[in-house]
There are 2 protein chains.
Amino acid sequence: MSDFHVVILAGGSGTRFWPLSRETCPKQMLKIVGEDTLIRQTIKRIKGFVPAENIWIVTTEDKAQDIKFHIESLGSLAKGIKFIKEPVGRNTAPAIGLSALYLNHLSSKSVMIAMPSDHAISDTEKFLYDLKLAVEGVKDGHLITFGIKPTRPETGYGYIKVENASKMAPNGFFKVDRFFEKPDPQTARTFISDGSYFWNSGIFVWKTSTILSEIKRSLPSLYHTLKKIEPLLFVPNEKSKSKEKEKPNTLTDLYSSLESISIDYGIMEKSHNVLMIPATFQWSDLGSWAALDEIIEKDDFGNILKGNTIDIGSQSLTVFAGERLVATIGLRDMVVVDTPDATLVTSKQKVQEVRKIVEELKKNGREEHVLHKTVERPWGSYTVLEKGNGYKIKRVVLKPGARLSLQLHTRRSEHWVVVSGIAKVTKENETYLVHNNESTYIPINTRHRLENPGKVTLQIIEVQNGEYVEEDDIERFDDDYGRT
Amino acid sequence: MSDFHVVILAGGSGTRFWPLSRETCPKQMLKIVGEDTLIRQTIKRIKGFVPAENIWIVTTEDKAQDIKFHIESLGSLAKGIKFIKEPVGRNTAPAIGLSALYLNHLSSKSVMIAMPSDHAISDTEKFLYDLKLAVEGVKDGHLITFGIKPTRPETGYGYIKVENASKMAPNGFFKVDRFFEKPDPQTARTFISDGSYFWNSGIFVWKTSTILSEIKRSLPSLYHTLKKIEPLLFVPNEKSKSKEKEKPNTLTDLYSSLESISIDYGIMEKSHNVLMIPATFQWSDLGSWAALDEIIEKDDFGNILKGNTIDIGSQSLTVFAGERLVATIGLRDMVVVDTPDATLVTSKQKVQEVRKIVEELKKNGREEHVLHKTVERPWGSYTVLEKGNGYKIKRVVLKPGARLSLQLHTRRSEHWVVVSGIAKVTKENETYLVHNNESTYIPINTRHRLENPGKVTLQIIEVQNGEYVEEDDIERFDDDYGRT
């Protein structure tokens, strides 16, 4: 299986799941369906199908580190996974083209299995069965996709029309007639009654040589730029290393110049070489808060109530609450999403307009679309409890054995109170332990490090004092996570 | 004016404005309309009409101290005000009967002006003009009330029907034919078209001798109990002081035995002796979140949006937000109320069911109906920022010159970090100053006191450590506010 590679597309910003999704915590990093986050579920789903070394995550440079930290909890599985970094987001056609360059460089026989990182798929066994069928069929140079048998006239999905829907080829494939963009309700109803239409799952299998040929044919400008990018990615020998420093800018310039275009629109719709496997697994692209209705079990009144909620007499209501109480009375077809710093209340008909809220926040220079109050880190997490004039209060949680970077702040001092566990504190040349119910003080301009030397979680309350208490007042001297 | 007394009825628990109202912060203590809280507006409205010494607040024993602290910001005006404490809440008829005992004891010529503490009245001049008219008319032994000219077929108010609506008596009074409970919509429409119906404002003027006679006639059992209570309230001479300690229980028992009944239902509806003044002021009883529509100015789409809000395309929406962001999309006829620990989302048609949410919280032993995260105190306020296993974090704000009680905790220690101002700390026999960006530690079982000796507000962050971090772990030795 060494020529088979799984490419996980993880560039999505997921504004449609705001306020649960943020710039630094896009949809693929959310636990909205199932027991784990969508991207970790995606990785676990294909575990064993290819070796971890053959799993690639394509994402933008600014998201790569957050995702790397995020998947670290998968242990050895995560260690093998490699990242393909897009300098900027340019939709799926360029992302797949870039990935094809990498895999083709390894071997001209490489086969790419491309899949989104943020879709819901139940029944892993059926999924892997269908995938196996697909990889057996790529040898003849086809583009292979998976179609979902539609259960309702959905207007939020693209559709695939197959030829001769009544008879499937003996190898399990249909020949694809054509692709359709999201239809209007009337058209969607026609599609459903026709019987030869399937939902486009966005999961594809092809040889890298095939997809590069298709890109050359249908998106020649993308192909041309990829050919310019290729020598920048793979330096032929040691002598050229000196030039490496110039690369990022050139690569960034080239990639930035690309047109944002999806693989469906740019390639699939124009190709005459597409086969479709009717999927046996359940699937949802989780396109909006309203899409959860398809995939999460509802109560007798059609309600989905998660977290700390009390409801009286609502119907078809979705509530995603956390620890704060959300009380609802007599609502119909609504979505309520509560997070520590922002609450969304919307009618289900208007969920797509969540994007507009995020745009409004960006425009006004606000922060509720960027970071959550709680930020996950490889060493644990921190939660901003309050920010006031000249101070900020954080709860910092360190996993056993973890430590923060050796760092310094030029504009704030910090008071630390240990509320559980034991802290090992380094302050310039001094190192000492701080126990539960003890405190310590880190003056301004002092090199310091916080470490959890114990076997239980360490929790400290940090009170920062200073006229400037933002995250960017930090100088790192040594870091276990390569952030110096 | 020494015989004229204003009795402010402040026993309401105001569950209908949850989550903004709480057991310890009922509706009268909320700033929902106007620039100040409803009870402080009520007091300021009648300032000058009677001397402060002739203003009485009737409320239950458990609310009296909170209200006392709450009105302290009114300064000298608040100092004169006296409290009449009901041992338990028994609705307005017993509360007014009890007040009549007090005022009648002062002088048999006393006149009582009874008014709710939690209604909205705009135009104080007109209000005082109408009140003046009323107090001039009580001498002939009438019960005088104020009727509001109805502007819509409201089903949430009681109605007053007057005799000969076409001709008002020369002194400005109508004779009242009868009172009506809240009508159904059909009846309400008949009332409006008839022209002789007014809304019952719940503001009354009468001589104490008159109301006591009316109670004797219509609620003989209440009268009988009041007669038993009377000698317990007013000890005739010093010799009886020894018996005083037995009083509270007896008084509590007697008062608790009373039937809960409103003055409207118990007296006004049965009396043939009622005159009504058509009010010239604007009024709302603020009976629910939906009632705000009558009194608060709306935008072009019928929305009331307060606090940190972003809305896209809603109509007839009321949002009460605080510092947290509330984003709304495409809502119709809804109310959203956000507080630091609880959010309410309800259709306007169902706002009355907020009571059921509060009942549910009580039943489940929860806390979201009892206290706010921020608790106002005469010395300032405190905000619970987080409570975790074995710790609690508070921000404590002290007014210049204020100090907390000299106190001790048997189950927790406290770390204090000063984030603005200067703290004077007493720890057993030691007293010292703690400046901004300095901290101090109060061990378990240590007498301590926090004081603001400066001219600016003092803010400290308090991290409590201990296996039990509740408010009732406190022993007070000396307190400026009489709480030892």
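In the predicted model, helix α5 of chain B comprises 14 residues, 124-137. At 1.5 Å a residue, a helix of this length should span 20 Å, and the end C-alpha atoms of α5(B) are 20 Å apart, which agrees with the expected value. Three residues of α5(B), B:F127, B:L131 and B:A134, are buried. These residues cover an arc of only 60 degrees around the helix axis, and therefore lie on the same side of α5(B). The face turned away from this buried side carries B:E125, B:K132 and B:E136, which are exposed.

The buried residues of α5(B) are covered by several elements of chain B, including helix α1 (38-46). Strands also contribute to this cover, among them β4 (111-116), β5 (120-122), β6 (143-148), β9 (197-207) and β10 (274-278) of chain B.

Strand β10(B) also takes part in strand pairing, since two bridges join it to β8(B), and the two strands run antiparallel. Here B:F174 has B:M276 in β10(B) as its bridge partner. Strand β8 (residues 174-180) of chain B pairs in addition with strand β7 (residues 159-162) of chain B, in the antiparallel sense and over four bridges. In this pairing, B:V162 has B:V176 in β8(B) as its bridge partner.

Strand pairing is also found between the chains. Strand β17 (residues 342-347) of chain A and strand β15 (residues 325-329) of chain B pair in the parallel sense over five bridges. Within β15(B), the residue opposite A:V345 is B:T328.

The contact between the chains involves 46 residues of chain B and 46 residues of chain A. On the side of chain B that touches chain A, strand β17 (residues 342-347) of chain B gives the most, with six residues. By residue class, this side of chain B divides into 21 nonpolar, 15 polar and 10 charged residues.

Two copies of a chain are related by a rotation about an axis and a shift along it. In this model, a turn of 180 degrees and a shift of 0.0 Å along the axis lay chain B on chain A with an RMSD of 0.1 Å. The two copies are thus related as by a two-fold rotation axis. The C-alpha of B:L385 is the one nearest the axis in chain B, at 3.2 Å from it. Both copies use the same surface for the contact, as 100% of the contact residues of chain B recur in chain A.

Conventions:
Residues are numbered from 1 along each chain as its sequence is written. Chains are lettered from A and ligands numbered from 1 in the order in which they are written. This is a predicted model: local features need pLDDT of at least 70, side-chain atom pairs count only at pLDDT 80 or more; totals for chains, interfaces and linings use all residues. Copies are superposed by least squares on the C-alpha atoms of residues with pLDDT of at least 70 in both. Two residues are in contact if their C-beta atoms, placed from the backbone, lie within 7 Å. The expected span of a helix is 1.5 Å times one less than its number of residues. A residue is buried if 20 or more other C-beta atoms lie within 10 Å of its own, exposed if 12 or fewer, and partly exposed in between; C-beta atoms are placed from the backbone. The arc is that of the directions from the helix axis to the C-beta atoms. Ala, Val, Leu, Ile, Met, Phe, Trp, Tyr, Cys and Pro count as nonpolar, Asp, Glu, Lys and Arg as charged, and the others, Gly among them, as polar. Two strands pair if DSSP finds at least two bridges between them.
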